[in-house]
Structures are given as C-alpha cells and as structure tokens.
Amino acid sequence: QLSTTMASPLTTHVLNTAKGVPVANIALSLHRLDHSTETWLLINAGHTNTDGRFPGLITKQEFLCGVYKLRFETARYWESMGEPSFYPYAEIVFTISDPDQKYHIPLLLSQYSYSTYRGS
Amino acid sequence: MMTSKRSPLTTHVLNTSDGVPAARVSLSLHRLDSQLKLWNMLNMGMTDEDGRCPGLISREAFLPGMYKLRFETGAYWTSLERDSFYPYAEVVFTVTDSMQNIHLPLLMSCFSYSTYMGS
C-alpha cells in the first residue's frame, strides 16, 4: 500500500452481507484506463485491512480525470472462508470527472450477489 | 438470437431510479477461452420493453466455464440525458453445470448497481 499523510481521495469499503462483517484481507487492485492504448495501468494493489478498508489507495497527485477500475478478488476470499461463490472476481469500472471531489466506492458482497454505489 | 427453447441464461435489467424496466440496454455475452485468456463474444443484443433479453444462449452452447455479461449502462443513462458514474457494468460469473438455469438481474441507478444469482 502507498503510505500517505493525506487521505486518499478515493476510498473503498468491502462488506460481507451474508455475515454482517467487514471483508478483511481481500486482494484488490486499482487501475486507470490509458485511452490512447486502451490498456489498464495498475496504480495500486494490496489487501483490505481488518475493517475491510484500504487506506492510501491513491494520492491526490495521481488522481487524474479518467476511467478507473477497482478489481476485487472475491472468489479467493470465499475460498479462504471454505465457501463456493458465483463470481470469480468483481470489477467496478467508473468515471472520475472531477478529481477535486472525494469518491467512496463500497462493495457489498455475498457468495451469490454484489452491489456497489457512489457513497461518502 | 434463437429459438423456441428458453435460454439457460436470462437477465433482467431494472432502472431503480425510476422504478421501471431498463429498455433498450445494449448487452453482450462472452465466454473466456481459458487457454488463450481471451474473451470470445457469443451474442449481443438489447433488452426489450420489459428489460429482458430472450435467447441469450442455447443449452448446447452453455458449456461450463467463465462468462461475462456486459451491459452498456453508460449509453443507457446518456439516452435518458443523465450523467452516470459507470461507463458500463460487466458481471463475470462461473458456470459449473451446463444443465443449470442462471438468472442474472442487474438493478441500476445512475450511481449504483447490484446483481445477484436469481431464479
């Protein structure tokens, strides 16, 4: 994880809605789309903490306008719990049009569902 | 698109902002070629007035593997002259048994979406 004294303008929070607990230690990665090559640039990768969060996801300097992708390794998480699941991973692709705002992108997860929203 | 027999994979796209089915959402179905690590597009279409898209795939083509349903949600909200947060929504899922029936709804607003394995 990148360390930063200022809070990341982009945050996430992963929750296990089947059990009502945060999803600790799920692998995730953040990417930005390079439009000229139509490829994804990896910005950061790591695991959520015990509260299901990932501080220091991106710095203000790196947080440019563009199309981003947050990828969550959900199947690996369910396997570590000894449970089957329907989705090998969940990728949320979103557009940042104003990098001066803060964006909070939770992922609510069960073995057979997931949801996301722009929060605060 | 096919046939008289119902597709083993169905979807239903709902606009939860307005409480209506999402009609005319373009979508495409892909299967992962696990050797080449490439997505092969199997079918594409558009939801009907009820937000459904019959005939997505035949039972014969519904092999075990990794699939992706991609919904052009950004284009849908643009057609309603609204901004949305997501350019598209892709749901990647695993088929373990060709005889299963999978119902994969997408509930969406401009700033949220959710999906689940239904019936």
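Strands are runs of at least two residues that DSSP assigns as E, and they are numbered from the N terminus. The exercises below use this numbering on a predicted model.

**Exercise 1. Where in chain A does A:S8 lie, and which residues is A:S8 in contact with, leaving aside its neighbours within four places in sequence?**

Solution. Begin with the position along the chain: A:S8 belongs to the segment that comes before strand 1 (10-16) of chain A. Next, consider accessibility: buried means under 20% relative accessible area, and because A:S8 has a relative accessibility of 6%, this serine counts as buried. Then list the contacts, which, once neighbours within four places in sequence are set aside, are A:G56, A:L57, A:I58 and A:K102. Finally, look at the polar atoms of the side chain of A:S8, one of which lies 2.6 Å from the backbone oxygen of A:L10, while the backbone oxygen of A:I58 lies 3.1 Å from a polar atom of that side chain.

**Exercise 2. Describe the surroundings of strand 1 of chain B, and say which strands of chain B pair with this strand.**

Solution. The first step is to ask how covered the strand is: strand 1 of chain B spans residues 9-15, and 5 of its 7 residues are buried, so that the strand is described as mostly covered. The second step is to follow the pairing with strand 7 of chain B, to which strand 1 is joined by 7 bridges, the two strands running parallel. Within this pair, B:V13 has B:L106 of strand 7 standing opposite. The third step is to turn to strand 2 (residues 20-21) of chain B, which pairs with strand 1 in the antiparallel sense over 2 bridges. Here B:L14 has B:P21 as its bridge partner. The last step is to examine the connection: strand 1 and strand 2 of chain B form a hairpin with 4 residues between them, and in the turn B:G19 has a positive phi of about 70°.

**Exercise 3. Which parts of the structure does the salt bridge between A:R71 and A:E91 tie together, and which salt bridge of chain B ties together parts that are 20 residues apart in sequence?**

Solution. As background, side chains of opposite charge can pair when their charged atoms come close. Over all chains, the structure holds 13 salt bridges. In chain A, the side chains of A:R71 and A:E91 meet in one of them, with an N to O distance of 3.2 Å. Because A:R71 lies in strand 5 (residues 66-72) of chain A and A:E91 lies in strand 6 (residues 90-96) of chain A, this pair ties together parts that are 20 residues apart in sequence. The accessibilities complete the picture, since A:R71 is partly exposed at 23% relative accessible area, whereas A:E91 is buried at 12%.

In chain B, B:R70 forms a salt bridge with B:E90, whose closest N and O atoms are 3.1 Å apart. Here B:R70 lies in strand 5 (residues 65-71) of chain B and B:E90 in strand 6 of chain B, so this pair also ties together parts that are 20 residues apart in sequence. Of these two residues, B:R70 is partly exposed with a relative accessible area of 22%, while B:E90 is buried with 13%. Returning to chain A, salt bridges that share partners join A:K69, A:R71, A:E73, A:R76 and A:E91 into one network.

**Exercise 4. How many residues of each chain are in contact across the interface, and how many salt bridges are counted between chain B and chain A?**

Solution. Start with the contacts, in which 20 residues of chain B meet 21 residues of chain A. Between them the chains bury about 1,800 Å², of which 64% is on carbon and sulfur atoms. Within the area that chain B buries against chain A, B:F85, B:Y113 and B:M117 supply 33%, more than any other three residues. Now count the polar links: there are 0 salt bridges between chain B and chain A, but 6 residue pairs are in polar contact, with both residues at pLDDT 80 or more. The side of chain B that touches chain A has 15 nonpolar residues, 4 polar residues and 1 charged residue. To finish, look at the strands: strand 8 (residues 113-117) of chain A is joined by 5 bridges to strand 8 of chain B, and the two run antiparallel. In this pairing, A:Y117 stands opposite B:S112.

Notes
Residues are numbered from 1 along each chain as its sequence is written. Chains are lettered from A and ligands numbered from 1 in the order in which they are written. Side-chain values use heavy atoms; hydrogens and water are left out. Contact means heavy atoms within 4.5 Å. Buried area is the accessible area (1.4 Å probe) that two parts lose on being put together, summed over both. A salt bridge is a side-chain nitrogen of Lys or Arg within 4 Å of a carboxyl oxygen of Asp or Glu. A polar contact is a pair of N or O atoms within 3.5 Å; within protein, one must be able to donate a hydrogen and the other to accept it, and residues adjacent in sequence count only if both atoms are side-chain atoms. Ala, Val, Leu, Ile, Met, Phe, Trp, Tyr, Cys and Pro count as nonpolar, Asp, Glu, Lys and Arg as charged, and the others, Gly among them, as polar. Two strands pair if DSSP finds at least two bridges between them. Buried means under 20% relative accessible area, exposed over 50%, partly exposed in between (1.4 Å probe, protein chains only).
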